[in-house]
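This report takes a slow walk through one protein chain, pausing at a few residues and at the contacts between their side chains. Please keep the sequence and the picture at hand while reading.

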Amino acid sequence: MDILGRAKRNMSTVLIIIAMIAGVVFGLAFKDVGKDIKFIGGLFFQLIQMSIIPFVMGQIIEAVGSLTKGQLSRSGVTAIALFFISSVIASAFGIVVCYLFQPGANFGEIGGSSSSIVTVTTDVTEMITGFVPSNIFSSMSEGSIIQVIVFSLFFGFAISGYALRHGSSQVLSLVHEANDLLMSIIRTVMRAAPIGIFAYVASTASSLGVRALDSLFRYIVVFGLAIFAFMALWFVIISISCHVSIFKLLRKMFPMSIMAMATTSSAVTLPVEMHDAKEKLGLDEEIANLVLPLGMPLNSNGASMYISFTAIMIAQIYGIHFDFPYLTYITIVSMLLSLANAVVPGAGIVSLTMMAPQFGLPLESVAIFAGIDWVMGVFRTVLNVNSDVFCALLVAKQERKLNREKMNS
């Protein structure tokens, strides 16, 4: 990313933060007016939702359809399996931590309120069959994002197989071009994010008062602790598997971790990540060139945990309780939604806009978290980047392509 592009993204983040603060102040000072402007925020989120379904389809189809023969080799398939397994575990970890610490339990008396708990249940067989669309066009019109993702995975693998047999695929080129156009639409809509966030936050603040700020602070702290606890588990696993000191791993991965936290971008961090993985961690060049770029679209431990954690947080705010089968559903869906966590301005906002309707949660709740998306992005990105490296190290160990002299130097 060039300096100008990064400056624009930083300015957008600053404006959203300012809009959130201004919305809180305005909502507390002018409660009646704050409630009246809620429709402006609703309009903003409708504009985002307008492109969500085709955008998610396009992102996943392109990511899977672009898989090459090398990426579908034994090393590539192993890496993809590790991506999916680790992201599912990260999602489940986020749910467990959010239930343990209950950051949203005392948020305020809104929606169903914590005094009248609404329990959401699901049948296991219905949950399983609900993943598969019977009619993709019906799924698209109904906004069933999970069925859209499942179809997109099948379609993407079909394109990949066709391209491997025939050398290329014109459909993949069309999907790529469509993705660029949809990305342009979302970028345009996100320019109005400060206005939409201001309106929704003002409305929320007028209803909740200052009590909500304390819960938001606890939300940030608990999520940050969850991220670093999960990374600590990863470090232990890699230390034992690769026979290397945890302290050496920490020291050698520190530069890429700082870069990830500073830029909140896996794409910007990738060059530093690849260099340090090869030169400091002893990762084989072939494995590094295969697994690390592949991890950007297919491995998002941080995003997966963020979606599941925030889903439970919102449920706590509105007094909603999920039974165990539905929590399993949230775990899997959060992992799948993380695949569509594209590099767009306000990626966290887009992800939550996809998540809330899927779990039957109020869309207006997304605005509560929009102003702190940059902070959450810092946590998400460092885990996304580090988990890519951890998966690559496990693949290299299995393939016996790990330079232990460099790793232990």
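Is Val14 buried, partly exposed or exposed? In this predicted model, Val14 is partly exposed, because its relative accessible area is 40%, and values between the 20% and 50% cut-offs are given that name. Val14 belongs to helix H1, which covers residues 3–29. Together with Met11, Leu15 and Ile18, Val14 forms a nonpolar patch on the surface, and the accessible area of these four residues comes to about 350 Å².

**Segments named in the record**

An unreviewed UniProt entry carries the annotation "transmembrane region" for several stretches of this chain, including residues 12–30, 42–65 and 303–320. In the model, residues 42–65 are 100% helix and 0% strand, with their end C-alpha atoms 35 Å apart. For residues 303–320, the share of helix is 83% and that of strand is 6%, while the end C-alpha atoms lie 22 Å from each other.

**Two residues of helix H18**

Helix H18 runs over residues 373–398 and contains Asn386, and Gln398 lies in helix H18 as well. Which of the words buried, partly exposed and exposed fits Asn386? Asn386 is buried, because its relative accessibility is 1% and the word applies to values under 20%. When neighbours within four places in sequence are set aside, Asn386 is in contact with Met231, Met253, Met256 and Ser257. Gln398, by contrast, is partly exposed, with a relative accessible area of 46%. Although Gln398 and Cys242 are 156 residues apart along the chain, their C-alpha atoms are separated by 9.9 Å.

**Salt bridges**

How many salt bridges does the structure hold? There are 4 salt bridges in the structure, and the table sets out some of them, with the distance from N to O for each pair.

| Pair | Distance, N to O |
|---|---|
| Glu399 and Arg74 | 2.9 Å |
| Glu286 and Lys401 | 3.2 Å |
| Lys280 and Asp276 | 3.7 Å |

The salt bridge of Glu399 and Arg74 links distant parts of the chain, since Glu399 sits in the loop between H18 and helix H19 (404–408), whereas Arg74 is in helix H4 (residues 74–101), and the two are 325 residues apart. What is the relative accessible area of Glu399? The value is 14%, so Glu399 counts as buried, while its partner Arg74 counts as exposed because its relative accessibility is 57%, the cut-off for that word being over 50%.

Glu286 and Lys401 form another salt bridge, and this pair too links distant parts of the chain: Glu286 is in helix H13 (residues 285–298), Lys401 is in the loop between H18 and H19, and their positions lie 115 residues apart in the numbering. Glu286 is exposed, at 53% relative accessibility, whereas Lys401 is partly exposed, at 29%.

In the salt bridge of Lys280 and Asp276, Lys280 is partly exposed, with a relative accessible area of 29%, but Asp276 counts as buried, since its relative accessibility is 5%.

Looking back at the picture, a reader may wish to find the loop between H18 and H19 once more, where Glu399 and Lys401 are both placed.

Notes
Residues are numbered from 1 along each chain as its sequence is written. This is a predicted model: local features need pLDDT of at least 70, side-chain atom pairs count only at pLDDT 80 or more; totals for chains, interfaces and linings use all residues. Side-chain values use heavy atoms; hydrogens and water are left out. Helices (H or I, at least four residues) and strands (E, at least two) are DSSP runs, numbered from the N terminus. Buried means under 20% relative accessible area, exposed over 50%, partly exposed in between (1.4 Å probe, protein chains only). Contact means heavy atoms within 4.5 Å. Patches are made of residues with over 30% relative accessible area and no salt bridge: like charges are joined within 9 Å, nonpolar side chains (Val, Leu, Ile, Met, Phe, Trp, Tyr) within 5 Å. Accessible areas come from the Shrake-Rupley method with a 1.4 Å probe; for residues, only the protein chains shown count as cover. A salt bridge is a side-chain nitrogen of Lys or Arg within 4 Å of a carboxyl oxygen of Asp or Glu. UniProt positions are given in the numbering used here, feature names are shortened, and annotations may be inferred rather than shown by experiment.
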